[in-house]
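I opened this notebook to record what I looked up in the structure, entry by entry. I began with the overall fold and then turned to individual helices and residues.

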Amino acid sequence: GWTPISDRGTVTNITAGAGLGFVTSTTAAYIKTSWLMPREASKWATFKSNARVLVPAATLLCAAYPLVESIMGNISENETFNAAAAGCACGAVMGMQSGTAVGAVTGCALLGGSMALVEGSKYAAPRQSTWAPVATSASGAQQRALQGDGAAIAEHMQ
């Protein structure tokens, strides 16, 4: 069945995403203005010009990701697929700023693939450690001390 968006905590995620996008893009506009601005230009005018482009785009994209992911959650239970679809949608929107279909497809592939890798990585098998923490020739107290037993450490120190 269809799960309402509000039941998934998505409204909170969208709000957090929009806030994160706003703060990040405003910071980026400030940095771009401070570091890359020509000396003769007005800092305030340059900041407004940079922010006018960066802030709305980043705010909408950061809010759109959890929205698309939530909608996809009603279609598929596969979290990796949902993250890839949301990443693809946001990447396509970013790529469309280039004004070409190639830019939209490239953005979709890059961001969608990246999100699939990030989300899918939690299913990867954990690596087994090959490090042996206890030497076989150590005494019982030394072995317990090597394993972090506080009483054994005190006993070994005496």
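**Entry 1: Overall fold**

I read the order of elements from the N terminus on and found α-α-α-α-α-α. I noted that this is a predicted model. The count I recorded is 6 helices and 0 strands.

I then looked up burial for the protein: buried residues make up 27% of its 158 residues. The accessible surface comes to about 10700 Å², and carbon and sulfur atoms account for 65% of that surface. For the contacts with a separation of 6 or more, I found that 51% join residues 24 or more positions apart.

**Entry 2: Helix α1**

I took up helix α1, which covers residues 10-36 and has 27 residues. From its first C-alpha to its last I read 37 Å, close to the 39 Å expected at 1.5 Å a residue.

Which residues of α1 are buried? I listed T10, G17, G21, S25, A29 and T33. I next asked what the buried residues of α1 pack against. The partner is α2, residues 43-75.

I recalled that an α-helix has 3.6 residues a turn, so residues three or four places apart point the same way. I kept this in mind when reading the list of buried positions.

**Entry 3: A28 and the end of α1**

I looked up A28, which also lies in helix α1. Its relative accessibility is 35%, so A28 counts as partly exposed, the class between 20% and 50%. A28 and A51 are 23 residues apart in sequence, and I found their C-alpha atoms 8.3 Å apart in space.

Is L36 buried or exposed? L36 belongs to helix α1. I recorded L36 as exposed because its relative accessibility is 66%, and the cut-off for that class is over 50%. L36 is also part of a nonpolar patch on the surface, together with Y30, I31 and W35. The accessible area of these residues together is about 530 Å².

**Entry 4: The loop between α2 and α3**

I moved to S76, placed in the loop between α2 and α3. Its relative accessible area is 17%, so S76 is buried. I found that the side chain of S76 reaches the backbone nitrogen of N78 at 3.1 Å. Leaving aside neighbours within four places in sequence, S76 is in contact with F81 and N82.

N78 has a role of its own in my notes, as it caps the N-terminal end of α3. A side-chain oxygen of N78 lies 3.0 Å from the backbone nitrogen of T80.

**Entry 5: Helix α3**

I checked the span of helix α3, residues 79-96, against expectation. Its 18 residues should span 26 Å at 1.5 Å a residue, and the end C-alpha atoms are 26 Å apart, so the two agree.

I then listed the buried residues of α3: T80, N82, A83, A84, A85, A86, G87, C90, G91, A92 and G95. These residues pack against α2 and α4, the latter being residues 101-120.

From that list I chose A83, a residue of helix α3. I entered A83 as buried because its relative accessible area is 0%. Not counting residues up to four places away in sequence, A83 touches Y65, E69, M115 and E119. I also looked up P66, which is 17 residues from A83 along the chain. The C-alpha atoms of A83 and P66 are separated by 8.8 Å.

**Entry 6: Helix α4**

Which residues does A104 touch, not counting those up to four places away in sequence? A104 is found in helix α4, and I recorded its contacts as G91, A92, G95 and M96. The C-alpha atoms of A104 and G91 are separated by 7.0 Å, with the two positions 13 residues apart along the chain as a sequence separation. At 13% relative accessibility, A104 counts as buried.

I closed with T106, which lies in helix α4. T106 counts as partly exposed, because its relative accessibility is 38%. T106 and G95 are 11 residues apart in sequence and 6.7 Å apart in space, C-alpha to C-alpha. Within α4 I also noted a polar atom of the T106 side chain at 2.7 Å from the backbone oxygen of V102.

How values were computed:
Residues are numbered from 1 along each chain as its sequence is written. This is a predicted model: local features need pLDDT of at least 70, side-chain atom pairs count only at pLDDT 80 or more; totals for chains, interfaces and linings use all residues. Side-chain values use heavy atoms; hydrogens and water are left out. Helices (H or I, at least four residues) and strands (E, at least two) are DSSP runs, numbered from the N terminus. The expected span of a helix is 1.5 Å times one less than its number of residues. Buried means under 20% relative accessible area, exposed over 50%, partly exposed in between (1.4 Å probe, protein chains only). Contact means heavy atoms within 4.5 Å. Patches are made of residues with over 30% relative accessible area and no salt bridge: like charges are joined within 9 Å, nonpolar side chains (Val, Leu, Ile, Met, Phe, Trp, Tyr) within 5 Å. Accessible areas come from the Shrake-Rupley method with a 1.4 Å probe; for residues, only the protein chains shown count as cover. A salt bridge is a side-chain nitrogen of Lys or Arg within 4 Å of a carboxyl oxygen of Asp or Glu. A polar contact is a pair of N or O atoms within 3.5 Å; within protein, one must be able to donate a hydrogen and the other to accept it, and residues adjacent in sequence count only if both atoms are side-chain atoms.
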